[in-house]
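Subject: Structure for you to look through

Hi,

Here is the structure I promised you. Open it alongside this email and click through the residues as you read.

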Number of protein chains: 2
Amino acid sequence: MPKMVRRAGSDALTRRAGHESAADRSGSSRDHHIGALFEAVLTRGPLSRRDAARITGLSAASVTKLVRPMIEHGYLVENTREAGVPGRPQIPLQVDAARHYAIGIKLMDGEIVGVVADLHGEVQSSHRMRYPDTSPTGVADAIEAMTATLLERSPVERERLLGIGIGLGGHINGAAGVVVESPFMDWHNVPLQDVIAQRMQLPVVIENDVNTLALAEQWFGAGSAFNSFALVTIGAGVGCALVLDGKLWRGVSGAAGEFGHMIVDSNGPVCHCGKRGCLEAVVSDSAIAAAMSHSAGRKISKVSQVVAEAHAGDEDAQRAFTQAGVALGRAIAALLNLLNPPLLILSGEGIAASDLFIDALHAELKHDSFSSTAADCRVIVRPLPDEVWARGAAATMLRHGVMHSLSRLTDQVSA
Amino acid sequence: MPKMVRRAGSDALTRRAGHESAADRSGSSRDHHIGALFEAVLTRGPLSRRDAARITGLSAASVTKLVRPMIEHGYLVENTREAGVPGRPQIPLQVDAARHYAIGIKLMDGEIVGVVADLHGEVQSSHRMRYPDTSPTGVADAIEAMTATLLERSPVERERLLGIGIGLGGHINGAAGVVVESPFMDWHNVPLQDVIAQRMQLPVVIENDVNTLALAEQWFGAGSAFNSFALVTIGAGVGCALVLDGKLWRGVSGAAGEFGHMIVDSNGPVCHCGKRGCLEAVVSDSAIAAAMSHSAGRKISKVSQVVAEAHAGDEDAQRAFTQAGVALGRAIAALLNLLNPPLLILSGEGIAASDLFIDALHAELKHDSFSSTAADCRVIVRPLPDEVWARGAAATMLRHGVMHSLSRLTDQVSA
DNA sequence: CCGGTTATTTCACAACGTCAACCAATACTT
DNA sequence: AAGTATTGGTTGACGTTGTGAAATAACCGG
């Protein structure tokens with residue numbers, strides 16, 4: 001009997017937990033290089049083949065070979081060459097922005113914002129609408145109407161439409177296409193990706209809204225110059241996304257980036273999550289309004305009013321923001337100390353009033369940071385126009401779709 | 001004039017900040033495969049070629065080809081085959097543990113611990129000594145003496161000695177070999193790696209001590225089954241290391257993993273760093289002793305005494321530990337919420353008394369965690385025998401050395 | 001038009017992993 | 001004892017992919 005034991009585990013060889021072993025790495029190294037090349041041309045402006053080679057580390061010969069099919073398939077276009085120095089002039093390569101579009105949708109409580117964006121992240125049209133029914137089918141209805149309106153306003157051939165990207169708050173498992181937990185919608189394990197894809201007959205990707213912002217930032221924003229960065233958003237809530245080593249970090253179950261419920265003040269106000277002194281309970285819009293209501297002794301319900309009074313010189317209002325800045329600085333210091341990223345992007349609706357708390361934030365950040373973590377991290381404040389959330393969702397779809405179709409490129413095309 | 005502008009940036013093409021572009025990726029994909037193969041055989045016990053192929057995702061043919069030079073150079077050995085089922089029996093492959101050794105040294109305030117470890121992480125000999133002079137040359141003297149003693153007690157041919165790994169607390173830039181900040185030693189930007197390498201005429205790697213533990217855990221411990229994990233140590237201080245996607249995460253400047261000074265209680269005790277309510281000011285050995293001193297109203301200077309009294313039923317002592325458990329749970333919840341890792345390893349000297357606080361820790365962890373982050377994370381408590389720190393340092397050197405020499409393997413050897 | 005200079009392309013080649021066929025070593029069957 | 005089934009390991013031709021060196025292209029300045 002013991003004889004039979006020996007090979008017991010042989011057929012149950014499990015891959016490392018959470019690891020895509022080399023076997024399921026569908027793309028060979030070529031796909032990786034094509035992707036890198038595309039990203040280089042996209043994010044670093046028009047680029048000659050030679051410069052693209054320098055950036056990606058490939059040889060010039062390889063770049064020539066890889067670029068050919070990308071041009072034939074219309075992903076890249078050659079710009080007109082422009083001389084001016086001795087030697088053969090470079091041929092600037094550019095991404096053909098009009099080649100692919102995606103719809104991006106930001107899902108909120110009773111409202112959705114949608115955009116059509118091209119491959120440069122430029123918004124072609126945008127629309128905003130309310131919807132009554134927050135059930136999955138209600139959302140599907142809304143998305144269908146939204147899509148129709150968007151495509152009407154900015155006609156895009158179906159062929160050029162890569163799909164729909166959807167961003168929403170909560171715990172989203174983007175890889176599985178499932179909304180694991182959505183507090184606003186009160187959803188649990190809703191396979192939203194399939195629901196919408198079936199209805200719209202288009203590719204769909206879903207992702208946590210802050211993650212979509214991070215992906216957009218990586219392709220079209222400040223993140224393109226850095227390999228890793230953290231993104232923190234402030235507004236109705238507090239969000240965080242991490243790009244580590246060029247990849248969006250999702251964690252085992254896609255829940256990474258939860259930042260708003262870090263406890264920053266153990267006897268602070270009670271948070272809606274039930275705990276006391278969460279970051280979100282101190283710095284969110286409603287928290288700031290509540291803080292001022294409390295100290296000023298009168299009811300104030302909107303942040304905008306606090307902002308106005310702070311700018312007008314009201315000390316209670318200013319203090320409300322300062323306290324929020326300190327709390328935020330403390331939490332961000334914890335983040336920087338833990339991960340030591342080279343870049344932090346501050347965004348979200350709440351950042352519009354950054355002048356009221358950024359000094360307090362920086363002071364606290366400096367005070368709480370260990371060694372050089374704060375000094376080594378560049379901090380960028382990025383105002384967030386309203387539709388940018390939706391653009392982020394579009395970017396997510398664009399990346400997914402383009403990378404997918406690029407990897408299916410062959411060069412035996414010129415027939 | 002505008003004509004000249006065009007190529008301005010061409011020669012100053014900078015690679016992405018903090019990014020090793022494909023160009024300086026010295027190893028081709030083959031090196032990567034060899035490394036993966038070696039790791040698979042090392043961490044997953046004796047393995048047949050076929051099973052190794054399944055784990056790494058390579059074809060059986062490739063494994064045969066890659067394994068050959070590894071055997072010829074003595075990195076792997078074939079075990080005696082053992083039958084029992086129909087079919088040709090597997091030939092178990094094993095890492096030849098006796099092929100390579102490394103010295104590992106854990107540097108503390110006035111004391112160093114050193115070990116000799118083989119490729120399986122088995123400690124061959126260990127030694128502990130005090131040293132008076134904490135200047136770099138003083139440390140070099142101590143390391144020289146330590147090395148002599150260790151090699152005397154466990155004779156290892158110079159050929160088989162890969163080098164010396166050194167672990168110490170503080171902000172260490174392992175890639176550069178520089179101690180950026182060491183509070184205990186009061187060092188700033190000391191190029192310790194070079195200093196010791198010159199003196200000992202051996203390869204030397206230095207790394208933050210918690211990071212060395214993480215690397216050891218990844219090769220020889222629980223981390224081998226996971227692709228990502230967090231390691232938290234408790235003892236004289238609180239440390240943290242992160243392995244993300246198979247790689248030790250160091251951050252831009254090597255300072256990542258600072259965890260002890262996260263503020264968990266804004267009106268907690270003052271920390272030695274000057275802030276109030278740092279995690280370390282609540283859960284470190286001295287903090288626990290201080291907490292009990294305070295509540296019991298008598299001077300207690302050693303944790304061991306608090307442990308004894310807690311076990312004897314003293315409520316003050318028990319409360320001191322419970323409070324520490326809550327604080328730790330809160331901080332770890334922040335960590336899990338942010339990164340959502342599949343595994344957390346709790347270690348450090350302080351973990352010996354884990355029975356006194358682990359329940360409080362888990363309760364707080366569950367309470368503070370968002371969505372499924374705590375449920376999705378396996379928590380392992382790992383007692384830390386004293387020399388394990390030094391073993392970690394040895395592991396760091398082993399990994400570095402072996403991976404380096406493996407990548408230089410060719411298969412045209414059988415001459 | 002002639003070098004001089006730099007960008008791009010061509011092409012033979014080398015490195016590497018894989019497929020499919022083949023060989024090896026065992027258990028089981030008759 | 002010989003044959004069959006079964007599984008592991010090896011071999012060699014082959015396709016893919018990236019590269020170096022040489023060739024070619026496209027501009028300058030004279």
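In chain A, strand S11 (residues 229-234) and strand S14 (residues 343-347) run parallel, joined by 4 bridges. If you want one pair to click on, take A:Val232, which stands opposite A:Leu346 in S14(A). Keep in mind as you go that this is a predicted model.

S11(A) also has another partner. It is joined by 6 bridges to strand S12 (residues 238-244) of chain A, and these two run antiparallel. Here a good pair to look at is A:Ala230 and its bridge partner in S12(A), A:Leu242. The link from S11(A) to S12(A) is a hairpin through 3 residues.

How many of the 6 residues of S11(A) are buried? The answer is 6, so to speak a full house. Try looking at which way the side chains go: A:Phe229, A:Leu231 and A:Thr233 point one way, while A:Ala230, A:Val232 and A:Ile234 point the other way, and all are buried.Now hop over to chain B and find strand S11 (residues 229-234) there. This strand is mostly covered, with 6 of its 6 residues buried. On one side you will find B:Phe229, B:Leu231 and B:Thr233, and pointing the other way are B:Ala230, B:Val232 and B:Ile234, all of them buried.

Which strands does S11(B) pair with? One is strand S12 (residues 238-244) of chain B, paired in the antiparallel sense over 6 bridges. In that pairing, B:Val232 stands opposite B:Cys240, and a hairpin of 3 residues joins the two strands. The other is strand S14 (residues 343-347) of chain B, which runs parallel to S11(B) and is joined to it by 4 bridges. Look there for B:Leu231 and its bridge partner, B:Ile345.

While you are in this part of chain B, two loop residues are worth a click. B:Asp245 sits in the loop between S12 and strand S13 (247-248) of chain B. Its phi is positive, about 60°, although B:Asp245 is not a glycine. B:Asn340 lies in the loop between helix H11 (315-339) and S14 of chain B. B:Asn340 has a positive phi too, about 50°, and is not a glycine either. Are these two buried or partly exposed? B:Asp245 counts as partly exposed because its relative accessibility is 32%. B:Asn340 is at 0% relative accessibility, which means it counts as buried.

Next up is helix H2 (29-43) of chain B. H2(B) has 15 residues and reaches 21 Å from its first C-alpha to its last, close to the 21 Å expected at 1.5 Å a residue. Its buried residues include B:Ile34, B:Leu37, B:Phe38, B:Val41 and B:Leu42. If you are wondering about the spacing, an α-helix has 3.6 residues a turn, so residues three or four places apart point the same way. What do the buried residues of H2(B) pack against? In chain B they meet helix H3 (49-56), H4, strand S1 (76-78), strand S2 (93-95), helix H7 (209-220) and helix H13 (388-406). Just after H2(B) comes B:Gly45, with a positive phi of about 60°.

Last stop: the DNA. There are 30 residues around DNA strand C, and the ones that come nearest are A:Arg50, A:Gly87, A:Arg88, B:His33 and B:Ser62. You met the helix of one of these just now: B:His33 is among the buried residues of H2(B). By class, the surface near DNA strand C has 11 nonpolar, 10 polar and 9 charged residues.

Which part of the DNA does the protein come up against? Of the atoms of DNA strand C within 4 Å of the protein, 73% belong to sugar or phosphate, and the rest belong to bases. Here are three contacts to look up:

- The side chain of A:Arg68 has an N or O atom 3.4 Å from a phosphate oxygen of DNA strand C.
- B:Ser59 has a polar side-chain atom 2.8 Å from a phosphate oxygen of DNA strand C.
- B:Arg88 has a polar backbone atom 3.1 Å from a base nitrogen of DNA strand C.

Four helices give two or more residues each to the surface near DNA strand C: helix H3 (49-56) and helix H4 (60-72) of chain A, and helix H2 (29-43) and helix H4 (60-72) of chain B. Of these, H4(A) gives the most, with 4 residues.

Happy clicking!

Note on methods:
Residues numbered from 1 in each chain as written. Chains lettered and ligands numbered in written order. Predicted model: local features only at pLDDT ≥ 70, side-chain atom pairs only at ≥ 80, totals over all residues. Heavy atoms only, no water. Near = heavy atom within 4 Å. Polar contact = N/O pair within 3.5 Å; in protein donor to acceptor, adjacent residues only side chain to side chain. Nonpolar A, V, L, I, M, F, W, Y, C, P; charged D, E, K, R; others polar. Expected span 1.5 Å × (residues − 1). Buried < 20%, exposed > 50% of the residue type's maximum accessible area, 1.4 Å probe, protein only. Contact = heavy atoms within 4.5 Å. Pairing = 2+ DSSP bridges.
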